[in-house]
Amino acid sequence: CFFGLQYFLKKYMVGKVVTADKIDKAEEYLQVHFSHPVWGYNKELFNRGAWEYILKEKGGMLPVSIKAVPEGTIVPYKNVLFTLENTDDKCFWLTNYLETLLVQLWYPTTVCTQSREQKKIIMK
(Lines give C-alpha, C1' and ligand atoms only; values in the text may rest on other atoms or scores of the structure.)
Protein backbone atom coordinates (compact mmCIF):
# COMPACT_ATOMS: atom_id res chain seq x y z
CA CYS A 1 0.00 0.00 0.00
CA PHE A 2 1.73 3.20 -1.20
CA PHE A 3 1.45 6.10 1.24
CA GLY A 4 3.29 9.25 2.33
CA LEU A 5 4.53 10.93 -0.86
CA GLN A 6 2.05 13.84 -0.89
CA TYR A 7 2.95 14.92 2.63
CA PHE A 8 6.68 14.73 1.93
CA LEU A 9 6.41 16.66 -1.34
CA LYS A 10 4.25 19.42 0.13
CA LYS A 11 6.46 19.79 3.20
CA TYR A 12 9.89 19.66 1.57
CA MET A 13 9.82 19.91 -2.20
CA VAL A 14 7.00 22.16 -3.48
CA GLY A 15 7.57 25.82 -4.27
CA LYS A 16 10.64 27.83 -3.39
CA VAL A 17 12.52 25.46 -1.12
CA VAL A 18 16.06 26.67 -1.80
CA THR A 19 16.78 30.02 -0.18
CA ALA A 20 19.97 31.96 0.54
CA ASP A 21 19.39 31.42 4.27
CA LYS A 22 19.05 27.64 3.84
CA ILE A 23 22.19 27.51 1.72
CA ASP A 24 24.12 29.40 4.42
CA LYS A 25 22.77 27.13 7.16
CA ALA A 26 23.63 24.00 5.19
CA GLU A 27 27.19 25.18 4.68
CA GLU A 28 27.55 26.03 8.38
CA TYR A 29 26.22 22.58 9.30
CA LEU A 30 28.69 20.84 7.01
CA GLN A 31 31.59 22.91 8.32
CA VAL A 32 30.78 21.85 11.88
CA HIS A 33 30.24 18.17 11.13
CA PHE A 34 32.88 17.58 8.46
CA SER A 35 35.79 19.63 9.82
CA HIS A 36 38.88 17.66 10.64
CA PRO A 37 40.90 18.68 13.71
CA VAL A 38 44.15 18.70 11.73
CA TRP A 39 43.19 19.47 8.13
CA GLY A 40 40.17 21.69 8.74
CA TYR A 41 37.21 21.86 6.39
CA ASN A 42 37.32 20.92 2.70
CA LYS A 43 35.15 23.51 0.90
CA GLU A 44 34.64 21.08 -2.00
CA LEU A 45 32.33 18.96 0.20
CA PHE A 46 29.49 21.47 -0.20
CA ASN A 47 28.69 22.52 -3.73
CA ARG A 48 27.44 25.98 -2.87
CA GLY A 49 27.51 27.08 -6.51
CA ALA A 50 25.06 24.34 -7.52
CA TRP A 51 22.56 25.38 -4.84
CA GLU A 52 22.98 29.04 -5.77
CA TYR A 53 22.31 28.09 -9.40
CA ILE A 54 18.97 26.56 -8.33
CA LEU A 55 18.19 29.68 -6.30
CA LYS A 56 19.07 32.15 -9.07
CA GLU A 57 18.12 30.29 -12.23
CA LYS A 58 15.16 28.25 -10.96
CA GLY A 59 13.78 30.69 -8.42
CA GLY A 60 14.62 28.30 -5.59
CA MET A 61 12.39 25.56 -7.01
CA LEU A 62 13.84 22.09 -7.49
CA PRO A 63 14.24 21.17 -11.18
CA VAL A 64 12.73 17.71 -10.94
CA SER A 65 9.66 15.86 -12.17
CA ILE A 66 8.00 13.19 -10.05
CA LYS A 67 5.51 10.64 -11.34
CA ALA A 68 3.82 8.30 -8.89
CA VAL A 69 1.01 5.82 -8.49
CA PRO A 70 -1.92 7.29 -6.53
CA GLU A 71 -1.52 7.11 -2.77
CA GLY A 72 -3.38 4.22 -1.22
CA THR A 73 -2.79 2.04 -4.29
CA ILE A 74 -2.09 -1.61 -3.57
CA VAL A 75 1.02 -2.30 -5.63
CA PRO A 76 2.45 -5.80 -6.13
CA TYR A 77 6.10 -6.15 -5.22
CA LYS A 78 8.75 -5.57 -7.92
CA ASN A 79 6.86 -2.51 -9.24
CA VAL A 80 7.88 1.13 -9.26
CA LEU A 81 5.99 3.36 -6.83
CA PHE A 82 7.36 6.62 -8.17
CA THR A 83 10.01 8.00 -10.48
CA LEU A 84 12.11 11.08 -9.98
CA GLU A 85 13.58 12.79 -13.04
CA ASN A 86 15.96 15.70 -13.31
CA THR A 87 14.79 18.48 -15.65
CA ASP A 88 18.07 20.43 -15.77
CA ASP A 89 21.36 18.88 -16.87
CA LYS A 90 23.34 21.29 -14.66
CA CYS A 91 21.67 19.71 -11.62
CA PHE A 92 22.57 16.12 -12.51
CA TRP A 93 23.52 15.47 -8.87
CA LEU A 94 20.12 16.47 -7.47
CA THR A 95 18.22 13.25 -8.19
CA ASN A 96 20.59 11.12 -6.09
CA TYR A 97 20.41 13.68 -3.30
CA LEU A 98 16.60 13.71 -3.30
CA GLU A 99 16.29 9.93 -3.64
CA THR A 100 18.31 9.66 -0.44
CA LEU A 101 15.73 11.87 1.30
CA LEU A 102 12.75 10.09 -0.27
CA VAL A 103 13.77 6.83 1.41
CA GLN A 104 11.72 8.25 4.30
CA LEU A 105 8.64 7.06 2.42
CA TRP A 106 9.52 3.50 3.37
CA TYR A 107 8.10 3.88 6.89
CA PRO A 108 4.60 5.24 6.09
CA THR A 109 4.28 2.80 3.20
CA THR A 110 5.21 -0.09 5.48
CA VAL A 111 2.76 1.05 8.17
CA CYS A 112 0.02 1.37 5.56
CA THR A 113 0.72 -2.11 4.22
CA GLN A 114 0.86 -3.69 7.68
CA SER A 115 -2.34 -1.93 8.75
CA ARG A 116 -4.16 -3.15 5.65
CA GLU A 117 -3.07 -6.74 6.24
CA GLN A 118 -4.03 -6.59 9.92
CA LYS A 119 -7.45 -5.21 9.03
CA LYS A 120 -7.97 -8.08 6.58
CA ILE A 121 -7.24 -10.57 9.36
CA ILE A 122 -9.52 -8.79 11.86
CA MET A 123 -12.37 -8.62 9.35
CA LYS A 124 -12.37 -12.43 8.84
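**Salt bridges and an unusual backbone angle**

Glu117 and Lys120 both belong to helix H5 (residues 106-122), where 3 residues, about one turn of the helix, separate them. The model discussed here is a predicted one.

Reader: What is the distance between the closest N and O atoms of Glu117 and Lys120?
Author: Side chains of opposite charge can pair when their charged atoms come close. Glu117 is partly exposed, with a relative accessible area of 32%, and Lys120 is likewise partly exposed, at 41% relative accessibility. The two residues form a salt bridge, in which the closest N and O atoms are apart by 3.3 Å.

Reader: Which helix holds both Asp21 and Lys25?
Author: The side chains of Asp21 and Lys25 meet in a salt bridge, with an N to O distance of 3.3 Å, and Asp21 counts as partly exposed because its relative accessibility is 45%. Since the two residues are 4 residues apart in a helix, they are separated by about one helical turn, and the element in question, covering residues 20-33, is helix H2.

Reader: How many residues apart in sequence are the parts that Glu85 and Lys67 tie together?
Author: Glu85 forms a salt bridge with Lys67, and their closest N and O atoms are 3.8 Å apart. Glu85 lies in strand S2 and Lys67 in strand S1, so the pair ties together parts whose separation in sequence is 18 residues.

Reader: Is Lys67 buried or exposed?
Author: A residue counts as exposed when its relative accessible area is over 50%. Its salt-bridge partner Glu85 has a relative accessible area of 40% and is therefore partly exposed. Lys67, by contrast, has a relative accessibility of 51%, so it counts as exposed.

Reader: Which residues are linked with Asp24 in a network of salt bridges?
Author: The structure holds 8 salt bridges, and some of these charged residues are joined in a network that includes Asp24. The residues linked with Asp24 in this network are Glu27, Arg48 and Glu52.

Reader: What value is phi of Lys78 near?
Author: Most residues other than glycine have a negative phi. Lys78, a residue other than glycine, has a positive value instead, and it lies in the loop between strand S1 (64-68) and strand S2 (82-86). Phi of Lys78 is near 70°.

Reader: What is the relative accessibility of Lys78?
Author: Lys78 belongs to the loop between strand S1 and strand S2. This residue counts as exposed because its relative accessibility is 77%.

Key:
Residues numbered from 1 in each chain as written. Predicted model: local features only at pLDDT ≥ 70, side-chain atom pairs only at ≥ 80, totals over all residues. Heavy atoms only, no water. Buried < 20%, exposed > 50% of the residue type's maximum accessible area, 1.4 Å probe, protein only. Salt bridge = Lys/Arg side-chain N within 4 Å of Asp/Glu carboxyl O.
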